[in-house]
Amino acid sequence: MTKADLQAVIAQKQAELIALSDFIHAHPEEGNEEFLAYAKVVDWLKSNGFDVEEAVLGLKTAFKATRNVRGGGVKIGLLCEYDALKGLGHACAHNLQSPAILGAALALAECLEVPATILVYGTPAEETTSGK
């Protein structure tokens with residue numbers, strides 16, 4: 001796996017990831033109410049080969065996505081945030097953070113040459129309550 005390999009995977013998904021960022025930015029949702037962002041992120045993960053457990057720990061907008069590489073092995077976890085701040089929207093840039101995490105997760109899943117399990121944790125209400 002080289003840096004160029006990782007960049008190539010991300011480049012193939014660039015337009016999708018930018019569109020996702022733009023969508024989340026245009027639809028800011030406060031903690032535990034991120035239903036639109038949640039649905040878009042979960043759909044993207046599923047369409048890119050991740051198994052997704054939804055409504056994790058009873059949180060309606062939390063998820064755990066998993067993708068095994070070469071049979072699974074060492075676990076690599078990434079946190080995906082998508083909530084907005086009341087009255088400020090995406091002042092903490094979660095509209096950028098979540099697509100960046102998705103791109104990184106996919107690039108690792110496609111390029112790792114060793115057994116691994118890629119985990120993406122969707123953390124709702126990161127800015128306000130106990131989403132993490």
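The following questions and answers concern the fold, core and selected residues of a predicted model.

Reader: On what basis are residues numbered, and which confidence limits apply to the model?

Author: Residues are numbered from 1 along each chain as its sequence is written, and side-chain values use heavy atoms, with hydrogens and water left out. This is a predicted model, in which totals for chains, interfaces and linings use all residues, local features need pLDDT of at least 70, and side-chain atom pairs count only at pLDDT 80 or more.

Reader: In what order do the helices and strands of the protein chain run from the N terminus?

Author: Helices (H or I, at least four residues) and strands (E, at least two) are DSSP runs, numbered from the N terminus. The secondary structure of the protein chain comes to 3 helices and 4 strands. From the N terminus on, the order of these elements is α-α-β-β-β-α-β.

Reader: What radius of gyration does the protein chain have, and why does it agree with a compact globule?

Author: The C-alpha atoms fill a box of roughly 45 × 30 × 20 Å along the principal axes. The radius of gyration is taken over C-alpha atoms, and the globule rule is 2.2 Å times the number of residues to the power 0.38. For 132 residues a compact globule would have a value near 14 Å, so there is agreement with the radius of the protein chain, 14 Å.

Reader: What percentage of contacts between residues at least 6 apart in sequence join residues at least 24 apart?

Author: Contact means heavy atoms within 4.5 Å. Among contacts in the protein chain between residues at least 6 apart in sequence, the share that joins residues at least 24 apart is 66%.

Reader: What percentage of the residues of the protein chain count as buried?

Author: Buried means under 20% relative accessible area, exposed over 50%, and partly exposed in between (1.4 Å probe, protein chains only). Of the 132 residues of the protein chain, the buried share is 45%.

Reader: Which element gives the largest share of the largest nonpolar core?

Author: A nonpolar core is a set of buried Ala, Val, Leu, Ile, Met, Phe, Trp, Tyr and Cys residues joined through side-chain atoms within 4.5 Å. The largest one has 30 residues, and those with the most contacts inside it are Leu-45, Phe-50, Phe-63 and Val-120. Two or more residues come from each of α1 (3-26), α2 (35-47), β2 (63-69), β3 (74-81), α3 (94-111) and β4 (116-123). The largest share of this core, 8 residues, is given by α3.

Reader: Which residues does Val-120 touch, not counting residues up to four places away in sequence?

Author: Val-120 is one of the residues with the most contacts inside the largest nonpolar core. Beyond four places in sequence, Val-120 touches Leu-45, Phe-50, Phe-63, Lys-64, Ala-65, Leu-78, Cys-80, Ile-101 and Ala-105.

Reader: Is Leu-119 buried or exposed, and how far apart in space are Leu-119 and Ala-105?

Author: Leu-119 lies in strand β4 and counts as buried because its relative accessibility is 8%. Leaving aside neighbours within four places, Leu-119 is in contact with Lys-64, Ala-65, Thr-66, Lys-75, Ile-76, Gly-77 and Leu-78. Leu-119 and Ala-105 are 14 residues apart in sequence, and their C-alpha separation is 7.8 Å.

Reader: Why does Asn-95 count as buried, and which residues does Asn-95 touch?

Author: Asn-95 lies in helix α3. Asn-95 counts as buried because its relative accessibility is 7%. Not counting residues up to four places away in sequence, Asn-95 touches Ser-21, Ile-24, His-25 and His-90.

Reader: What value is phi of Arg-70 near, and where is Arg-70 placed?

Author: Most residues other than glycine have a negative phi. Arg-70 has a positive value, near 55°. Arg-70 counts as exposed because its relative accessibility is 55%, and its place is the loop between β2 and β3.

Reader: What value is phi of Ala-93 near?

Author: Ala-93 is found in the loop between β3 and α3. Ala-93 is partly exposed, with a relative accessible area of 27%. Its phi is positive in a residue other than glycine, near 65°.

Reader: What separates the C-alpha atoms of Asp-5 and Glu-110?

Author: Asp-5 is placed in helix α1 and counts as partly exposed at 34% relative accessibility. Asp-5 and Glu-110 are 105 residues apart along the chain, and their C-alpha atoms are separated by 8.8 Å.
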